[in-house]
Amino acid sequence: MPTGRDLLIKAVTGAHEAIFRASKGRLLNRGSGMPVLMLTTTGRKSGQPRTTMLTSPLREGDAIMLVASKGGDDHNPAWFLNLRDDPRVQVTMDGATRPMTARVADASEKAALWPRIVADHDNYAGYQRKTTRDIPVVVLEP
């Protein structure tokens, strides 16, 4: 049974998403010191569009990096599993929605990106300490 706190969090999150969606990411576009984006993947089981709000700790040119941390959970988030199976995604941020292609950073690329990510956002280092799962870094490219 949901608590009052759970219901409040759900309401605030829903309002945030509605405002973000209506403004195409022009409003409420920062969270935890990072840009917020809406990622739309194709459900690996349903084949239906699945949208989630995420933060991006790092951008390089047109590339957007995401961390599939799920707060340090032992399982990858559903959005990660979806884009791993179908890398064609849509990203909404900064007033625009655009198609992108997702890929998981390989070991050497992650080794270069991870220190830069955790230097500014040490919460990700904490999430990695909570799990034995190697938390993936995802690169989105136009």
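Here are five short exercises on this predicted model, each with a worked solution.

Residues are numbered from 1 along each chain as its sequence is written. Local features need pLDDT of at least 70 and side-chain atom pairs count only at pLDDT 80 or more, while totals for chains, interfaces and linings use all residues, and side-chain values use heavy atoms, with hydrogens and water left out.

**Exercise 1: the core**

Find the residues that touch the most other members of the largest nonpolar core, and the elements that give two or more residues to this core.

*Step 1.* Start with the terms. A nonpolar core is a set of buried Ala, Val, Leu, Ile, Met, Phe, Trp, Tyr and Cys residues joined through side-chain atoms within 4.5 Å. Buried means under 20% relative accessible area, exposed means over 50%, and partly exposed is in between (1.4 Å probe, protein chains only). Helices (H or I, at least four residues) and strands (E, at least two) are DSSP runs, numbered from the N terminus.

*Step 2.* Now pick out the residues. The largest core has 17 residues, and Leu-39, Leu-66, Trp-79 and Leu-140 touch the most other members.

*Step 3.* Move on to the elements. Two or more residues come from each of strand S2 (34-42), strand S5 (63-67), helix H2 (78-85), strand S6 (88-93), strand S7 (96-104) and strand S8 (137-141). H2 gives the most, with 4 residues.

*Step 4.* Look beyond this core. Another one lies apart from it, with 15 residues, among them Leu-58, Ala-63, Tyr-124 and Ala-125.

As a general rule, nonpolar side chains in soluble globular proteins tend to be buried together.

**Exercise 2: around Leu-66 and H2**

List contacts of Leu-66, then work out which elements the buried residues of H2 pack against.

*Step 1.* Contact means heavy atoms within 4.5 Å. Leaving aside neighbours within four places in sequence, Leu-66 has contacts including Leu-37, Leu-39, Leu-54, Trp-79, Val-138 and Leu-140.

*Step 2.* Trp-79 takes us to H2, where Trp-79, Phe-80, Leu-81, Asn-82 and Leu-83 are buried.

*Step 3.* The buried residues of H2 pack against S2, strand S3 (49-55), S5, S6, S7 and S8.

**Exercise 3: two helices meet**

Describe how H3 and H4 pack, and name the residues that meet.

*Step 1.* Helix H3 (residues 107-120) and helix H4 (residues 123-130) pack at an angle of about 120 degrees, with their axes 7 Å apart. The axes are lines fitted to C-alpha atoms, for helices over the stretch in contact, and angles run from 0 to 180 degrees between N-to-C directions.

*Step 2.* Classify the angle. Under 35 degrees counts as roughly parallel, over 145 as roughly antiparallel, 65 to 115 as roughly perpendicular and the rest as oblique. H3 and H4 are therefore oblique to each other.

*Step 3.* Check who meets whom: Lys-110, Trp-114, Ile-117 and Val-118 in H3 meet Tyr-124, Ala-125 and Gln-128 in H4. These residues divide into 5 nonpolar, 1 polar and 1 charged. Here Ala, Val, Leu, Ile, Met, Phe, Trp, Tyr, Cys and Pro count as nonpolar, Asp, Glu, Lys and Arg as charged, and the others, Gly among them, as polar.

*Step 4.* Zoom in on Ala-125, which sits in H4 and is buried at 18% relative accessible area. Not counting residues up to four places away in sequence, Ala-125 touches Trp-114 and Val-118.

**Exercise 4: salt bridges**

Trace the network that salt bridges form around Arg-103.

*Step 1.* A salt bridge is a side-chain nitrogen of Lys or Arg within 4 Å of a carboxyl oxygen of Asp or Glu. The structure holds 6 of them.

*Step 2.* Glu-109 pairs with Arg-103, the closest N and O atoms being 2.6 Å apart.

*Step 3.* Glu-141 also forms a salt bridge with Arg-103, with the closest N and O atoms 3.1 Å apart. This pair links distant parts of the chain: Glu-141 is in S8 and Arg-103 in S7, 38 residues apart.

*Step 4.* Put the pairs together: shared partners join Arg-103, Glu-109 and Glu-141 into one network.

**Exercise 5: positive phi**

Locate Lys-70 and Asp-94, and give the phi of each.

*Step 1.* Most residues other than glycine have a negative phi.

*Step 2.* Lys-70, in the loop between S5 and H2, has a positive phi near 50 degrees. Lys-70 is partly exposed at 44% relative accessible area.

*Step 3.* Asp-94, in the loop between S6 and S7, has a positive phi near 55 degrees. At 48% relative accessibility, Asp-94 counts as partly exposed.
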